[in-house]
Amino acid sequence: MLSCDQCIEYAEKKYSCPHCESVLSRCHVPPFHVGDGLGWGTEIFYVCLNDECKLFVNGWQSIENNYGHIGSYRYVLLPGSKKGEAMMVAGKQAFKGSEVNIEEMQATNKRHQQEKEAVDQLDSCVAEKNLEPVMFLILDEHANPKDREKAIGLLKDLNDLSCIDPIRNHSFSKPDMEHMVNMVILDLLKANFKKECPHCSEIIKLQAKFCKHCQQKF
Ligand SMILES: [Zn+2]
Ligand SMILES: [Zn+2]
């Protein structure tokens, strides 16, 4: 199977159809493989989606003659192979709508890389007083929940109150994770003799009788 990086590399390449010269579309492979049952070995491939393509236009007649059913051929090229092949399709719509969105792929790939880097930094972040990877994971709803929980567990050791604001401004999709993070923040505030003002949420001294930010008394 190709890695994300390879997929993007392939997705950025351009090829043209030998039957009609038009640029091949980059498509996600269909979920099934009609050939040897070994799978595609790739997530993307190149397809000529030109409805005027000679291979496609002439394919209808040739399939009718040879197999007696309705269908045609699209020219497809697998990443890394020099020569493409004619793939049987049932109609005009085949492969349309499965075109690869490169920007989306690149964004997903970048996020995966950042997540991986953040996870790698977790073991050393307390010693380095580096809050960044911990916050990246806690605030990334797509990150692995196990890693996010581990990151939440490190907040107390990091003892950095600047973590509170971004967490308060984040909406967690999992209530148990939000609960977990709230408990840690309470501990963290207590350990630093602080509390959050119940009126304006600014962090103030535990002993304060009024808030220096909003002037409210308690
Ligand atoms: Zn073509
Ligand atoms: Zn206040």
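What follows is a conversation about how several descriptions of this predicted model are justified.

Colleague: What makes up the secondary structure of the protein?

Modeller: The protein has seven helices and six strands. Read from the N terminus, the order is α-β-β-α-β-β-α-α-α-α-α-β-β.

Colleague: How do you know how the protein compares with a compact globule of 218 residues?

Modeller: By the radius of gyration. For a compact globule of 218 residues it would be near 17 Å, while the protein has 28 Å. The C-alpha trace spans about 90 × 35 × 30 Å along the principal axes. Buried residues account for 21% of the 218 residues.

Colleague: What share of the contacts between residues at least 6 apart in sequence join residues at least 24 apart?

Modeller: In the protein, 50% of them do.

Colleague: What makes S1-S2-S3-S4 an open sheet, and which strands stand at the edges?

Modeller: The four strands are paired in that order, in the antiparallel sense. Strand S1 (25–28) and strand S4 (85–89) each have a single partner strand, so one side of each has no neighbour in the sheet. Those two are therefore the edges. From one strand to the next, the twist averages 45°.

Colleague: How do you know that S1 and S2 pair?

Modeller: Two strands count as paired when at least two bridges are found between them. Four bridges join S1 to S2, so the pair qualifies, and the two run antiparallel. One example is Ser25, whose bridge partner in S2 is Val47.

Colleague: And what of S2 and S3?

Modeller: S2 and S3 have two bridges and pair in the antiparallel sense. The cut-off is at least two, so this pair also counts. Val47 has Val76 as its bridge partner in S3, and Tyr46 stands opposite Leu77 in S3.

Colleague: Which way do the residues of S2 point, and are they buried or exposed?

Modeller: Ile44 and Tyr46 point one way, Phe45 and Val47 point the other way, and all are buried. In a regular strand, side chains alternate between the two faces of the sheet.

Colleague: Which helix lies across S3 and S4?

Modeller: Helix H2 does, running at about 130° to S3.

Colleague: Which residues touch the most other members of the largest nonpolar core?

Modeller: Phe45, Val47, Cys48 and Val76 do, in a core of 19 residues. Strand S2 (44–47), helix H2 (54–67) and strand S3 (72–77) are the elements that each give two or more residues to this core. Leaving aside residues up to four places away in sequence, Phe45 touches Cys27, Val29, Val76, Leu77, Leu78 and Pro79. There is also a second, separate core of 14 residues, which includes Ala118, Leu137, Leu155 and Ile185.

Colleague: Why is Val181 called buried?

Modeller: The cut-off for a buried residue is 20 or more other C-beta atoms within 10 Å. Val181 has 22 C-beta neighbours inside 10 Å, so it counts as buried. Val181 is in helix H7. Residues up to four places away in sequence aside, Val181 touches Ile138, Ile152 and Ile167. The C-alpha atoms of Val181 and Ala151 are separated by 9.8 Å, although these residues are 30 apart along the chain.

Colleague: How do you know that the span of helix H7 agrees with its number of residues?

Modeller: Helix H7 covers residues 175–191, which is 17 residues. At 1.5 Å a residue it should span 24 Å, and its end C-alpha atoms are 24 Å apart, so the two values agree. After H7 comes Phe193, with a positive phi near 55°.

Colleague: Why is Lys129 called exposed?

Modeller: A residue is exposed with 12 or fewer other C-beta atoms within 10 Å. Lys129 has 10 C-beta neighbours inside 10 Å, so it counts as exposed. Lys129 is in the loop between helix H3 (102–125) and helix H4 (132–139). Its phi is positive, near 50°, and Lys129 is not a glycine.

Colleague: Why is Asn159 called partly exposed?

Modeller: Asn159 has 13 other C-beta atoms within 10 Å. The exposed class ends at 12 and the buried class begins at 20, so Asn159 falls in between. Asn159 is in the loop between helix H5 (145–158) and helix H6 (164–168). Asn159, though not a glycine, has a positive phi of about 45°.

How values were computed:
Residues are numbered from 1 along each chain as its sequence is written. Chains are lettered from A and ligands numbered from 1 in the order in which they are written. This is a predicted model: local features need pLDDT of at least 70, side-chain atom pairs count only at pLDDT 80 or more; totals for chains, interfaces and linings use all residues. The radius of gyration is taken over C-alpha atoms; the globule rule is 2.2 Å times the number of residues to the power 0.38. Two residues are in contact if their C-beta atoms, placed from the backbone, lie within 7 Å. A nonpolar core is a set of buried Ala, Val, Leu, Ile, Met, Phe, Trp, Tyr and Cys residues joined through C-beta atoms within 7 Å. The expected span of a helix is 1.5 Å times one less than its number of residues. Axes are lines fitted to C-alpha atoms, for helices over the stretch in contact, and angles run from 0 to 180 degrees between N-to-C directions.
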